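Student: Please take one helix pair and go through its packing closely. I would like the cut-offs stated as you go.

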Amino acid sequence: RMVMLMDKEQFRITLQGAVAGNHDDFEKIIDLYEPLIRNHCYINGEFDEDLHQYVLMHLALKISKFII
């Protein structure tokens, strides 16, 4: 996937859409943060796919609670 660069206003609008339940906006936020998410999904030097899925699942479940 190609990471889209956003200015502050575009990010705010996209995040508001994701919080409101817009799946395309949620995907854009995930794409933007995917390198950081992946970087934190290593255990003992090995990528843990289950942990990665766990993090993504919790983001999907909790993003509606974000306060902007």
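Tutor: What follows is a close look at helices α2 and α3 and some of their residues. This is a predicted model, in which local features need pLDDT of at least 70 and side-chain atom pairs count only at pLDDT 80 or more, while totals for chains, interfaces and linings use all residues. Residues are numbered from 1 along each chain as its sequence is written, and side-chain values use heavy atoms, leaving out hydrogens and water.

Helices here are DSSP runs of H or I with at least four residues, numbered from the N terminus. Helix α2 covers residues 23-39, and helix α3 covers residues 49-62. Their axes lie 12 Å apart and make an angle of about 145 degrees; axes are lines fitted to C-alpha atoms over the stretch in contact, and angles run from 0 to 180 degrees between N-to-C directions. From α2, the contact (heavy atoms within 4.5 Å) uses Phe26, Ile30, Glu34, Ile37 and Arg38. From α3 come His52, Val55, Leu56, Leu59 and Ala60.

Phe26 belongs to α2. Between Phe26 and Ala60 the C-alpha to C-alpha distance is 7.9 Å, with 34 residues separating them in sequence. Not counting residues up to four places away in sequence, Phe26 also touches Ala18 and Ile63, among others.

His52, in α3, counts as buried because its relative accessibility is 6%; buried means under 20% relative accessible area, exposed over 50%, and partly exposed in between, with a 1.4 Å probe and protein chains only. With the same sequence exclusion of up to four places, the residues touched by His52 include Glu34, Cys41 and Phe47. Met57, also found in α3, counts as partly exposed because its relative accessibility is 44%.

Key:
Helices (H or I, at least four residues) and strands (E, at least two) are DSSP runs, numbered from the N terminus.
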